[in-house]
Amino acid sequence: MQKFLSHSQFQTEEIAERLAKTLHGTEVIAMFGGMGAGKTAFTRGLARGLGINDGVSSPTFALVHEYEGRFPLYHFDMYRIGSYDDLYSTGFFDYIENGVMLIEWSENIEPFLPENRISITINVLSEQEREITMEGAAEI
């Protein structure tokens with residue numbers, strides 16, 4: 001397990017960018033953290049580290065945004081997913097091993113996530129500070 005302390009949105013993005021450089025292209029990254037914790041900021045940094053220059057935004061209403069870079073990045077938002085049938089209807093399982101999957105609100109689908117995933121937990125410490133915990137990731 002790795003822990004990082006971020007003092008700004010920029011530092012959160014930098015941590016994610018460093019993680020991106022260790023990826024092989026078929027990872028599932030499960031993100032945990034409340035509203036406003038910095039999950040989308042983390043995703044922006046990860047995308048930048050994969051060579052993606054498109055604007056990254058939360059896919060709350062689209063469920064998934066797809067980006068092309070060194071590897072495809074599939075950015076999921078599972079906030080509104082409450083059952084296996086809901087998850088299946090998103091096409092989620094078709095994306096596994098076809099790129100990097102980054103999943104916000106993973107707590108809503110945790111029983112259906114692969115065991116060999118990377119888990120990222122972002123805890124809000126103050127308005128600007130975040131504690132970022134990574135499990136299953138290469139050392140960065």
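## Exercises on a sheet and two helices

S2 and S5 pair in the parallel sense over three bridges. That comes from a predicted model, so keep it open while you work through these.

**Exercise 1.** Work out which strands sit at the edges of the sheet.

*Solution.* Start with the strand order: the open sheet has seven strands, running S1-S7-S6-S2-S5-S4-S3, with mixed pairing. Next, look for strands that pair on one side only: these are S1 (2-6) and S3 (64-67), the edge strands. Then zoom in on S2 and S5, where Val-28 has Met-101 of S5 as its bridge partner.

**Exercise 2.** Decide whether H2 is largely enclosed or not, and find what covers its buried residues.

*Solution.* First, check burial, which here means under 20% relative accessible area. Nine of the eleven residues in H2 (39-49) are buried, so the rest of the structure largely encloses this helix. Among them are Phe-42, Leu-46 and Gly-49. Now look for the cover: it includes H1 (9-20) and strands such as S4 (73-77) and S5 (100-104). Finally, see how H2 lies on the sheet: it goes across S2, S4, S5, S6 and S7, at about 165° to S5.

**Exercise 3.** Are H1 and H2 parallel, perpendicular or oblique to each other?

*Solution.* Begin with the geometry: the two helices pack at an angle of about 45°, and their axes are 7 Å apart. H1 and H2 are therefore oblique. Their crossing is right-handed. Residues making the contact include Ile-15 and Leu-19 of H1 and Phe-42 and Leu-46 of H2. Sort the contact residues and you get seven nonpolar, four polar and five charged.

Notes:
Residues numbered from 1 in each chain as written. Predicted model: local features only at pLDDT ≥ 70, side-chain atom pairs only at ≥ 80, totals over all residues. Heavy atoms only, no water. Buried < 20%, exposed > 50% of the residue type's maximum accessible area, 1.4 Å probe, protein only. Helix = DSSP H or I, 4+ residues; strand = E, 2+ residues; numbered from the N terminus. Contact = heavy atoms within 4.5 Å. Axes fitted to C-alpha atoms, helices over the stretch in contact; angles between N-to-C directions. Parallel < 35°, antiparallel > 145°, perpendicular 65-115°, else oblique. Left-handed = near helix turned anticlockwise from the far one by under 90°. Nonpolar A, V, L, I, M, F, W, Y, C, P; charged D, E, K, R; others polar. Pairing = 2+ DSSP bridges.
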